[in-house]
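Reader: I'd like a close look at the inside of this one, please: what packs in there, and where space is left over. Keep it informal, but give me the cut-offs as you go.

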Amino acid sequence: MKLKIIDTFTSELPADKEVKNTIRQVENACYSYVTPTKTSSPQLLHVSNEMVEALGINKKDIDSKEFLDIVTGNAVYPNTTPYAMCYGGHQFGQWAGQLGDGRAINLFEVEHDHKNWAVQLKGAGLTPYSRHADGLAVLRSSIREYLCSEAMYHLGIPTTRALSLSLSGDKVLRDVMYDGNSKYEPGAIVSRVAPSFIRFGNFEILAAQQDHATLKQLADYTITHFYPELDINSETIYVDFFREVSKRNLEMVIHWQRVGFVHGVMNTDNMSILGLTIDYGPYGWLEGYDFGWTPNTTDRVNKRYRYGTQGEIVGWNLFKLANALFPLIGEAEGLQDALNEYRDSYDMAYYTMMSEKLGLFEGEHKTLINELNKVLHKTETDMTIFFRQLSDFDPQETKNWLSVIRPAFYDIDEVAEGIYDLWESWFTAYRSKLIDQNMDQKERTEKMNGINPKYVLRNYMAQLAIDDAEKENYELIAELFEVLKHPYDHQKDKEKWYAKRPDWARNKVGCSMLSCSS
């Protein structure tokens with residue numbers, strides 16, 4: 001296997017002077033060198049051919065022992081030095097101090113077809129940042145990350161990618177719901193890929209340590225390699241940088257809201273400096289349309305990271321990043337202006353996105369959208385199916401609205417007279433706007449179906465794949481992987497995945513709420 005290795009992060013930024021792989025506090029460094037833990041009997045379960053091609057890997061190499069050993073930590077690619085990043089973060093609103101890559105190990109950087117990629121293993125063993133954990137990952141969480149990162153990409157959402165999913169051959173002890181019932185589970189490793197895995201927390205830890213020299217090095221490195229459109233010599237470079245980071249994260253979270261994705265653990269250490277969706281832990285997809293829903297058991301009381309607050313939380317996290325960058329700037333006005341721009345832009349972007357989901361591409365529709373959000377909360381209504389079905393609504397037919405959206409209701413009997421009247425009133429207003437827009441029905445349907453996905457990775461779907469995999473049946477992983485590559489297309493033989501959450505999954509562990517170890 002021959003790759004074009006480049007070396008920017010480790011050659012341009014300072015390393016931890018301590019080389020022993022012991023859990024410790026690290027200062028004046030952006031990373032620590034580590035070696036992945038060898039696995040006993042690794043097995044490759046699935047590979048993304050798209051990422052194989054993107055990295056310049058010859059497809060015949062996928063079946064080689066060399067490829068298997070590298071993506072499971074049993075071998076290090078020649079002339080490379082794996083490392084774990086140092087970062088801190090605010091977790092659930094509180095400063096948590098040093099965190100770092102506790103179960104992620106960066107292997108190398110690759111250049112191919114004029115693009116640069118960092119390749120990382122998740123679940124490959126201890127690092128100086130593992131704290132009280134073991135640095136490993138289990139099969140269920142690895143399947144969820146592998147499938148979701150690729151599904152998000154094909155939904156058009158900025159995200160880290162996945163190269164491969166493998167079994168380690170080792171058992172890993174986990175307490176799924178943090179209730180004292182630990183058990184051994186199959187260990188697994190995901191090889192994931194991104195232009196960079198730098199997070200807000202990489203900057204926060206250096207600011208907290210008052211290591212302003214390294215903070216400047218990291219900022220300059222990030223700007224040079226990932227924001228080349230900015231003038232590094234400008235007097236306002238760090239404010240300009242912050243503004244661009246804000247724009248990218250705004251784009252990301254608007255996409256989350258568009259498809260009903262809930263990240264579940266939006267701590268600042270889980271926020272990408274490139275505006276990518278990163279760290280697929282206790283995520284979930286809205287089943288019922290519920291602004292108050294979060295998939296994270298740790299967050300079940302306060303619901304800080306619920307669907308309805310994701311835009312606000314990105315703004316809060318950006319505020320913490322602004323605080324970290326402040327020492328490089330020395331004045332707050334530019335940063336505050338950028339934060340205000342984010343808040344104003346979010347509101348505008350949200351209503352634009354929602355208008356487009358409704359097939360309204362002209363004018364202002366804030367009142368219509370707010371009224372829709374209210375009525376959608378009156379009874380359990382599947383978000384994905386509702387908006388997908390809505391493209392079939394013909395404004396020229398006055399009585400067809402219920403038959404169009406009927407499949408989205410979990411219990412049609414709940415659409416009682418009072419709620420029915422609310423829907424009737426809303427559709428009357430909606431019909432009027434569609435008629436005023438005067439767009440060809442076929443054109444509108446096509447545009448709406450390119451915005452509202454038909455297939456998303458519902459938690460119960462991932463859980464079915466996990467259940468099969470734990471019985472050593474991996475076919476469903478491959479099937480879902482292919483279905484989710486075409487989320488906006490009608491797939492005639494895959495209609496079973498265009499369905500509401502089944503009753504058995506309503507309260508099942510892994511299908512409703514998940515822990516950070518899930």
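Author: Here's a walk through the interior, with a short detour to a few loops at the end.

Some ground rules to start with. This is a predicted model, so local features need a pLDDT of at least 70 and side-chain atom pairs count only at pLDDT 80 or more, while totals for chains, interfaces and linings use all residues. Residues are numbered from 1 along each chain as its sequence is written, and side-chain values use heavy atoms, with hydrogens and water left out.

Let's start with the core. A nonpolar core here is a set of buried Ala, Val, Leu, Ile, Met, Phe, Trp, Tyr and Cys residues joined through side-chain atoms within 4.5 Å. Buried means under 20% relative accessible area, exposed means over 50%, and partly exposed is whatever falls in between (1.4 Å probe, protein chains only). The largest core has 160 residues, and the members touching the most others are Phe203, Trp285, Leu358, Trp423 and Tyr430. Helix H7 (residues 237–259) puts in the largest share, at 11 residues. Helices and strands are DSSP runs numbered from the N terminus (H or I over at least four residues for a helix, E over at least two for a strand).

Take Trp423 as a sample. If you skip residues up to four places away in sequence, Trp423 touches Leu372, Val375, Leu376, Phe386, Trp401, Ile405, Phe409 and Val415. Contact means heavy atoms within 4.5 Å.

Phe386 from that list also turns up in helix H11, among its buried residues. H11 (residues 383–390) is mostly covered, with 8 of its 8 residues buried. Polar residues are in that set too, including Thr384, Arg388 and Gln389. Around them, the buried residues of H11 pack against H7, helix H9 (333–357), helix H10 (366–376), helix H12 (401–405), helix H13 (417–437) and helix H14 (441–449).

H13 is also home to Leu434, which counts as buried because its relative accessibility is 5%. Beyond its neighbours within four places in sequence, Leu434 is in contact with Leu358, Gly359, Leu360, Phe393, Pro395, Met439 and Arg444. Leu358, as it happens, was one of the five core residues touching the most other members. And the C-alpha atoms of Leu434 and Gln396 sit 9.4 Å apart, though 38 residues separate the two along the chain.

Now a charged one. Glu145 lies in helix H4 (residues 139–154) and counts as buried because its relative accessible area is 2%. Leaving out neighbours within four places, Glu145 contacts Lys122, Val190, Arg192 and Tyr280.

What about the cysteines? There are 0 disulfides, a disulfide being a pair of cysteine sulfur atoms within 2.5 Å. For Cys86, the nearest cysteine sulfur belongs to Cys30 and is 7.8 Å away. Cys86 is buried, at 2% relative accessible area, and Cys148 is buried as well, at 0%.

Next, the leftover space. On a 1 Å grid over the protein atoms alone, a cavity is a set of points where a 1.4 Å probe fits but cannot get out; a pocket is an open set with protein on both sides within 12 Å along at least five of seven lines; and lining residues have an atom within 4 Å of a point. Grid points are joined across faces, edges and corners, and a volume is the space filled by probe spheres set on the points. The whole structure has 3 cavities of 30 Å³ or more, and the largest holds about 70 Å³. Its lining includes Met1, Leu55, Phe67, Phe108 and Ser191. Helix H3 (65–71) gives the largest share, 3 residues, and strand E7 (104–112) supplies at least two.

The second largest pocket holds about 370 Å³. Of its 17 lining residues, Ala54, Lys115, Trp117, Arg161 and Pro195 are closest to the centre. Helix H2 gives the most, with 4 residues, and strands E8 (115–122) and E10 (183–194) each supply at least two.

Finally, those loops. Most residues other than glycine have a negative phi. His114, in the loop between E7 and E8, has phi near 65° and is exposed at 79% relative accessibility. Lys303, in the loop between strand E12 (284–285) and helix H8 (310–329), has phi near 50° and is partly exposed at 34%.
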